[in-house]
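Me: I would like to learn how to read the pockets of a protein model, and I would be glad if you could take me through one case step by step.

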Amino acid sequence: MQDDSERTRALLRRTSDRAAVYLERLGSRRVAPASSDVAGLDSLPPGLPDRPTPAEEVLEQLDRWGSPATVASNGGRYFGFVIGSTLPASLAANWLAGAWNQNTYTEVMSPAAWRLEATAVRWVRDLLRLPEGTDGGFVTGDTMANFTGLAAARHAVLERAGWDVEANGLFGAPPITVVVSDEAHVAVGKVLSLLGLGRDRVLRVPADEQGRMRGDRLPEVEGPAIVCAQSGNVNSGACDPFPAIIDWARARHSWVHVDGAFGLWASASPELRGLNAGVEGADSWAVDGHKWLNVPYDSAIAFVRERRHLVAAMSSAASAYLAVGARPERQDLTPDMSRRARGVDAWAALLSLGRSGVADLVERSCRHARRFAELLRAGGARILNDVVLNQVLVSFGSDEATARTVRAVQQEGTCWCGPTTWHGSVAMRISVSSGRTTDDDIERSAQAVLAAADRSVRTA
Ligand SMILES: *Cc1c(COP(=O)(O)O)cnc(C)c1O
């Protein structure tokens with residue numbers, strides 16, 4: 001009989017083979033699963049069996065019924081939402097870190113996880129050209145990174161007003177004015193509701209035709225205030241005018257938070273960093289790893305210029321931030337206590353790419369987006385935005401024709417694009433965020449989209 005270690009080794013080997021086959025097939029399968037593949041999920045046990053199932057059989061069922069019912073968003077022809085793929089080094093590091101199963105709560109629980117995360121945070125900070133001294137922590141996604149940055153903001157502006165929000169909460173606190181753009185991502189509203197700042201209790205600033213906050217339309221405010229700016233509009237890819245917003249905020253002692261889920265990565269490219277000019281003047285920033293850095297889910301970083309505000313907002317130890325010279329634990333920098341060593345995936349991605357590789361990943365996606373737009377325009381579609389980053393908005397005529405085309409593209413399976421609303425009309429949104437996308441993927445996908453548009457018009 002095999003001993004446990006041999007059985008485990010065989011299981012992991014077999015699983016890595018299954019994963020490799022899955023990845024190899026991504027290029028040739030339909031992007032959205034066929035309905036028969038989704039129906040296969042019904043073959044999984046509906047109720048929890050009384051008896052154990054051998055591990056190899058568990059994996060067999062998962063691969064046989066689960067893999068075909070996935071969406072091939074880890075491949076090169078998925079352009080929905082803003083979804084990255086996985087770099088090989090990052091995926092493999094994620095597996096090894098799974099075997100380590102380290103808790104990243106304190107340094108003593110894992111010196112390796114602690115060092116790797118601190119290094120990855122510093123590397124990303126430098127790549128994004130954020131100020132020296134800025135610190136941050138890994139969280140599950142950009143929504144939680146916004147939560148973390150805005151919690152630090154809430155602390156700082158109320159501390160200045162003589163109120164300890166961590167100890168006393170918001171009841172009776174001086175009111176905070178929150179300023180957002182009409183084009184802020186829905187994640188910002190969700191986070192404001194979680195923080196007790198109120199999704200609707202905001203002053204809205206109009207946006208221009210590309211979706212940038214109008215720097216000349218910022219309101220007058222009194223007392224503690226936070227302004228939420230954006231790098232990378234989820235539809236158009238446009239970035240807010242940071243110098244105007246930051247000047248406005250400085251004059252009013254307000255905090256500037258930047259939601260930079262994918263757009264902040266433009267700062268890693270010499271060609272594109274002009275889009276983020278001035279962004280380093282903000283106080284906090286949120287950025288995803290699982291979108292454009294092509295790190296496995298779930299991964300994002302919250303950065304705060306003055307670490308003491310972050311620690312004050314996140315630490316479980318009251319007043320821990322007052323200890324002069326004390327080095328914070330990772331748990332003092334994020335909402336979590338126990339959690340996986342998610343920074344390891346990002347560390348591996350960054351080391352495998354190097355500075356030039358990150359710039360290339362970002363520039364290549366933008367080049368693909370421009371090419372996609374050019375091919376669709378040549379085929380008669382209308383491009384609705386300036387393609388300054390990796391996002392393209394397309395119209396195929398009426399709302400009805402565009403919606404029909406989007407459905408037809410998804411149905412046909414060569415690629416996947418989603419619908420959105422842009423200036424009150426239906427548009428197809430294309431986001432090129434995968435390191436796996438090739439020139440050929442773009443040519444094939446553009447052909448498939450134009451053919452779907454053609455069919456949609458003919459059957460209208
Ligand atoms: C994707 C996105 C979010 C939400 O990020 P998650 O990683 O899904 O939590 C917030 N803001 C912008 C601009 C985004 O693109």
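**Reading the pockets**

Reply: Let us begin with the second largest pocket, which has 22 residues in its lining, and the ones that lie nearest its centre are His185, Val186, Val234, Lys291 and Arg429. Please keep in mind that this is a predicted model.

Me: Which elements give two or more residues to the lining of the second largest pocket?

Reply: They are helix H6 (142-160) and helix H8 (186-194). As for its volume, the second largest pocket has about 380 Å³, and by class its lining divides into 9 nonpolar, 6 polar and 7 charged residues.

Me: How does one look for such spaces in general, and what takes up the space here?

Reply: The general idea is that a probe the size of a water molecule, rolled over the atoms, shows where empty space is left. In this structure, the space of the second largest pocket is the one taken by the ligand.

Me: Which of the residues around the ligand come nearest?

Reply: The ligand has 14 residues around it, and those that come nearest are Asp142, Thr143, Asp259, His290 and Lys291. This shell is made up of 4 nonpolar, 6 polar and 4 charged residues. Lys291 deserves a second look, since the name also appears among the residues nearest the centre of the second largest pocket.

Me: How should I read the polar contacts of the ligand?

Reply: The general idea is to look for pairs of N or O atoms within 3.5 Å. Here, the side chain of Thr143 has an N or O atom 2.6 Å from an oxygen atom of the ligand, while a polar side-chain atom of Lys291 lies 2.8 Å from a ligand oxygen, and for a polar side-chain atom of Asp288 the distance to an oxygen atom of the ligand is 2.9 Å. The ligand on its own has 380 Å² of accessible area, and the protein covers 85% of it.

Me: What is the volume of the largest pocket, and what lines it?

Reply: The largest pocket holds about 900 Å³ of space. Its lining has 29 residues, with Thr15, Ala19, Tyr22, Leu91 and Trp95 closest to its centre. Two or more lining residues come from each of helix H1 (4-25), helix H3 (55-66) and helix H4 (88-100), and H1 gives the largest share, 9 residues. By class, this lining has 15 nonpolar, 11 polar and 3 charged residues.

Me: Where in the backbone should I look with extra care?

Reply: One place is the peptide bond between Tyr297 and Asp298, which is cis, with omega at about -5°, and Asp298 belongs to the loop between strand S6 (284-288) and strand S7 (300-304). Another is Arg129, a residue other than glycine whose phi is positive, near 60°, and which is found in the loop between helix H5 (111-127) and strand S1 (135-139).

Conventions. Residues are numbered from 1 along each chain as its sequence is written. This is a predicted model: local features need pLDDT of at least 70, side-chain atom pairs count only at pLDDT 80 or more; totals for chains, interfaces and linings use all residues. Side-chain values use heavy atoms; hydrogens and water are left out. A residue is near a molecule or strand if one of its heavy atoms lies within 4 Å of it. A polar contact is a pair of N or O atoms within 3.5 Å; within protein, one must be able to donate a hydrogen and the other to accept it, and residues adjacent in sequence count only if both atoms are side-chain atoms. Accessible areas come from the Shrake-Rupley method with a 1.4 Å probe; for residues, only the protein chains shown count as cover. On a 1 Å grid over the protein atoms alone, a cavity is a set of points where a 1.4 Å probe fits but cannot get out, and a pocket is an open set with protein on both sides within 12 Å along at least five of seven lines; lining residues have an atom within 4 Å of a point. A molecule sits in a cavity or pocket if more than half of its atoms lie within 2 Å of its grid points. Ala, Val, Leu, Ile, Met, Phe, Trp, Tyr, Cys and Pro count as nonpolar, Asp, Glu, Lys and Arg as charged, and the others, Gly among them, as polar. Grid points are joined across faces, edges and corners, and a volume is the space filled by probe spheres set on the points. Helices (H or I, at least four residues) and strands (E, at least two) are DSSP runs, numbered from the N terminus.
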